[in-house]
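Morning, everyone. Please bring up the structure on your screens. I'll start with the overall picture and then go to one sheet and the cysteines.

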Amino acid sequence: MDGKQILNQMAPYKQGKQMDDVKREFGLTRIVKLASNENPFGHSQKLRDELPEMLGQFERYPDGHAATLRKKLAARLHVEENQLVFGSGSDELVQIICRTFLYPNAKTVMATPTFPQYSHHALIEGANVKEIPTKDGYHDLESMLDAIDANTKVVWLCSPNNPTGSIIPEDAFYSFMEHCPKDVLVVLDEAYYEYIDDERKPTILENISSYPNLLVLRTFSKAYGLAGLRVGYGIGNEDLIAKLDIVRGPFNTSILAQKAAAIALDDQQFIEETYRMNRQIRTDFERALDKLGWSYDDSQTNFLLVHVPVSGEEMFTYLLKHGYIVRPCDGIGCPNTVRITIGKKQDMEELQTILTAFSQQGD
Ligand SMILES: *Cc1c(COP(=O)(O)O)cnc(C)c1O
């Protein structure tokens, strides 16, 4: 069986270690997973009260339009209901965008390192992927603009960027939009939007109607803590959304996911507490890294890309033996780095102790 040619050079997504496997392999009883940027504080407690009543409704197809969630979200974001598209995680929206706008030999521009699913789906559509190295973790927007040519259909901006954590400053973003040709779709992936410091939170959504070629992606997977249920969304011009809706599967978000997202959206107190605790714990962890003399990229997220004195793989294995799962990033063009999700206070303090012991090994 021959698939698309490009598939011979690609591999399925390699997910982080599963906790049970690690426990068995190293004889550990407790594992702390800091590898997928999940919310260590869980999700809104309000789900406990309202979700059980959904039992008995699962034989029906969901409302593919997600009307209830759509209405709530549109009101919250101050956009029109027809400016929203939902996906089974923003991952699926990345796939839908690529399927809608990319085709063999169309060009797409993105940073490197960045979220790998952009290039993954672009390659499957046969597109040419142009990757522009980040500078100290930040997107090099000037070089990205230079890379845009007549064949370019989609440009990906990830802010804050995964895995570096750095945001695109708002004025730099607006300047980029000024110079970017209007027939090129700009995807602004804000998966970590809720974690951005209040004083630096971009207000781009307020101007979304002025940019018909802009699609903003957000998700319920990260700060909202609903990664297991799979809901993400895109915000953009209604014509753009209508096009994506042709490609979107009719029942792509489940009845349970829609309901949970709607409940979680109402609990903004949980989001505020998550933001506050993350910021405090991240700052404390940064001070600990400073003491070790280890650098890290500027982060406006719930993770840090930490530059370590050994390969990322070696640090990964060392931490694994101590019950901590992190993400080595050597393989995505960041030698000697690991990406560490900011966990609970106590876990991060224990991690500091383990890292300090590592740094003293050679002394
Ligand atoms: C986690 C993540 C996503 C995907 O999240 P979903 O769970 O698919 O909604 C998208 N973009 C970035 C940058 C991410 O880190």
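Helices here are DSSP runs of H or I with at least four residues, strands are runs of E with at least two, and both are numbered from the N terminus. By that count, the protein has 12 helices and 12 strands. Two notes on the source. This is a predicted model, where local features need pLDDT of at least 70, side-chain atom pairs count only at pLDDT 80 or more, and totals for chains, interfaces and linings use all residues. Residues are numbered from 1 along each chain as its sequence is written, and side-chain values use heavy atoms, leaving out hydrogens and water.

Now the overall shape. The radius of gyration is taken over C-alpha atoms, and the globule rule is 2.2 Å times the number of residues to the power 0.38. The protein comes out at 21 Å, close to the 21 Å the rule gives for 363 residues, so it is as compact as a globular protein of that length. Its C-alpha atoms fill a box of roughly 60 × 55 × 55 Å along the principal axes.

What share of the residues is buried? Buried means under 20% relative accessible area, exposed over 50%, and partly exposed in between, with a 1.4 Å probe and protein chains only. The share is 52% of the 363 residues.

Next, the sheet. Strands pair if DSSP finds at least two bridges between them. One open sheet has 3 strands in the order S9-S12-S11, with antiparallel pairing. S9 (303–307) and S11 (327–328) stand at the edges with a single partner strand each, so one side of each has no neighbour in the sheet. S11 pairs with S12, residues 337–341, over 2 bridges. There, Arg327 stands opposite Arg339 in S12.

Two helices pack on this sheet. Contact means heavy atoms within 4.5 Å. Angles run from 0 to 180 degrees between N-to-C directions, using axes fitted to C-alpha atoms, for helices over the stretch in contact. H10, residues 268–292, touches S9 and S12, and its direction makes about 5° with that of S9. H11, residues 312–321, touches S11 and S12, at about 45° to S12.

Last, cysteines. A disulfide is a pair of cysteine sulfur atoms within 2.5 Å. The count is 0 disulfides. Why does Cys334 form no bond? Its closest cysteine sulfur, in Cys329, is 5.6 Å away, too far for a bond. Cys334 is buried, at 7% relative accessible area. For Cys158, the closest is Cys334, with the sulfurs 13 Å apart, also too far. Cys158 is buried too, at 3%.
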